[in-house]
Structure formats: C-alpha cells, structure tokens
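I opened my notebook to set down what I looked up, one topic at a time.

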Amino acid sequence: MDEGLRSELSKQGVFTTTLQDLYNWSRRNSMWPLNFGLACCAIEMIAASMARFDIARFGAEVFRPSPRQADLMIVAGTVTKKMAPLVVRLYNQMPEPKYVIAMGACAISGGPFKQGYNVLKGIDRYLPVDIHIPGCPPKPEALLHGLIQLQQKVAAQSLTGEDRPRSLREDAPAEFPVPTYGPYDLQPPHNPEVWRPPVVVRDAAG
Amino acid sequence: MAGAPSYLFLAVLAAVATVFCVTPLVLARLWARWFAPPKPGPEKNAPYECGLPSPGETGVRFHSGYYLYALAFLIFDVEMLFLLPFAVAYAGLPAGAVLAMLGFVLLLVEGLVWAWRKGVLEWQ
C-alpha cells in the first residue's frame with residue numbers, strides 16, 4: 001500500500017493494514033521463549049523475566065518448558081560439547097517459525113572458555129543465530145534490547161517473495177544435523193551450511 | 001403453530017454458534033496451508049522432548065508379583081487408618097463395637113493367611 005495514501009487515511013481516522021503486518025505484529029508481540037538455561041546467563045534471563053525488568057512488557061514472558069510450544073530459543077550460557085547435541089535437538093523440535101538468540105560471550109564464541117577442550121566455540125556453528133547479545137553475562141536490559149531487535153527483525157519479514165524467511169521455504173531443511181560425540185571433538189565440528197565465518201584477507205604488504 | 005417462531009431462533013442460534021466456532025479453525029487451517037509449510041522429521045516427531053534421545057524400549061514390563069505385593073500393602077495400609085481411631089477410642093467403646101472391629105481384623109487376617117499360603121509374600 002502506498003505510504004502517502006496510508007498516512008492520508010490515518011489522518012481521516014481510517015486505519016489500514018495488511019495481513020502480513022497483522023501477522024507479524026501478533027507474533028512478534030507474543031514471542032514465547034524456551035525455558036532453557038545453560039549457565040550464569042540464565043540467571044540474567046530469569047532476572048529479565050522477573051518484576052524489576054519484566055520481559056512481559058514485550059510479550060515474551062511465557063517461558064515454555066516444551067520446545068513444541070516455543071518460538072524463541074535463548075541460548076543463555078556456555079554450550080559444552082556434551083550439551084551441544086541436546087541444544088540442536090531441542091531446536092529441531094521447535095515449530096517454525098523459530099528464532100535463536102545467542103546470549104553472552106560463551107554462546108557467541110565460547111567466551112572465556114574458548115581455549116578449553118570441552119566448550120563449543122559458539123552455538124552459531126550448528127544453529128542459525130538471529131541475534132547475538134555480547135556481555136559476560138549481559139545485563140537484563142541487554143537481553144530486552146536483543147528481544148526488541150528480534151521483534152524489529154520479525155516485523156520486517158515478508159510472507160511472500162524471494163526474501164521470505166527460511167521457515168516459509170519448502171525447500172529449506174526442516175532439521176539441522178545433530179552432532180555426535182567423537183573421540184576429541186563433535187562430529188562434524190560445525191555445520192558448513194550454517195557457519196560461514198568471514199575470511200580475513202590480508203595483503204602481504206600489510 | 002403459535003410456538004413455531006420461538007424454535008426458529010434456536011436453529012439460527014445453533015447455526016451462528018457453529019459458524020462462530022468453525023470459522024477460526026478453517027481460517028487457521030487455510031493460513032497453515034499457505035504460510036506455515038509443515039516440516040516433519042525424525043527429530044521433530046520424536047516423542048521425547050528434553051534433548052536426549054530416549055534409550056532402550058519404552059514399553060517397560062513390571063513383574064506381576066509387584067501388583068500382588070502392592071495390593072496386599074494397600075489393604076493393610078487402609079486397615080491402619082481404621083485401627084488408629086479404634087485404638088484411640090478403645091476405652092470408651094461398647095462391646096458390640098469391639099466385636100465388630102475384631103471381625104473386621106479377623107477378615108483381613110484371614111486374607112493375609114490366604115495370601116501367605118499362596119506364596120504372595122515371597123518374592124520370586
């Protein structure tokens with residue numbers, strides 16, 4: 001719809017919208033997270049859901065203990081290699097459309113345990129992360145900010161066309177491969193379809 | 001046929017109620033067909049939802065002796081419920097009540113003796 005016509009109509013008291021906007025408006029304001037904490041970031045996540053920070057103001061207070069009812073996975077904390085297959089399996093069991101917030105340095109990159117032998121160096125090696133929240137741990141305000149960013153991302157998603165999200169593509173994979181425990185590392189160590197780290201190109205003179 | 005119009009509104013109400021209930025379901029179904037392509041898979045359809053694969057068989061068989069044991073326990077557990085107020089009020093009870101209670105206990109003792117002779121109390 002033409003923006004000028006829309007603003008002109010709204011001045012006359014006529015509210016216009018599209019089905020897509022209504023759909024995105026309703027689902028971004030009822031984003032149900034999975035009740036799933038891994039480490040100390042989960043304490044901040046709990047604090048964000050309590051009265052002082054009150055994530056309910058943004059419609060995300062309904063923490064679901066079952067992945068079948070959750071829209072949002074907040075990976076809150078250190079993902080050990082022991083835990084990584086479970087995280088991926090839980091993500092697979094969530095219904096589409098689903099989103100992932102990597103909360104804290106550990107979930108993003110392994111954080112202070114990056115050099116350790118038993119910590120996954122970022123959940124984005126296996127899952128498509130929508131929002132990264134830096135911090136160790138991030139404050140509840142940071143989690144709220146990440147949630148608002150995610151809501152803006154959802155609001156901008158279109159239902160049709162080439163740029164429609166992954167969940168609306170029939171050819172997109174339903175499940176991400178769950179890694180298995182190898183002798184030294186998870187097998188495979190990362191999902192090449194999800195994890196595409198930027199390649200740093202340095203010229204010889206630099 | 002003076003009462004006929006009053007039944008017509010019932011039919012209308014039933015029709016409206018049906019449409020009111022069915023319309024959201026149909027709309028949700030249509031929306032799901034167009035904008036929520038189903039993507040089932042072995043992981044997604046797994047019955048267990050705590051992240052771990054379920055090990056072993058789900059149909060666990062219990063030893064049938066367990067049920068006999070549990071039944072015998074339950075009977076004497078309930079008997080305790082009756083025996084405690086009986087013991088508390090024992091001094092003030094008439095003879096008839098004591099005899100009735102004796103009969104009750106003897107009936108249960110008879111059952112216990114029967115179960116004992118059947119070998120219920122021995123775990124096999």
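I began with burial in chain B: buried residues (20 or more other C-beta atoms within 10 Å of their own, C-beta atoms being placed from the backbone) make up 0% of its 124 residues. I note that this is a predicted model, in which local features need pLDDT of at least 70, side-chain atom pairs count only at pLDDT 80 or more, and totals for chains, interfaces and linings use all residues. Residues are numbered from 1 along each chain as its sequence is written, and chains are lettered from A and ligands numbered from 1 in the order in which they are written.

I then looked up the elements of chain B, and found three helices and zero strands (DSSP runs, H or I of at least four residues for helices and E of at least two for strands, numbered from the N terminus). The radius of gyration of chain B, taken over C-alpha atoms, is 32 Å, well over the 14 Å of the globule rule (2.2 Å times the number of residues to the power 0.38), so chain B is more spread out than a compact globule.

Next I turned to helix 3 of chain A, residues 41–49, where C41(A), E44(A), M45(A) and A48(A) are buried. They lie on the same side of the helix because they cover an arc of only 105 degrees around its axis, judged by the directions from the axis to the C-beta atoms.

Last, I looked up V75(A), whose contacts (C-beta atoms within 7 Å), leaving aside neighbours within four places in sequence, include L38(A), V87(A) and I123(A).

Conventions:
Buried ≥ 20, exposed ≤ 12 C-beta atoms within 10 Å, placed from the backbone. Contact = placed C-beta atoms within 7 Å.
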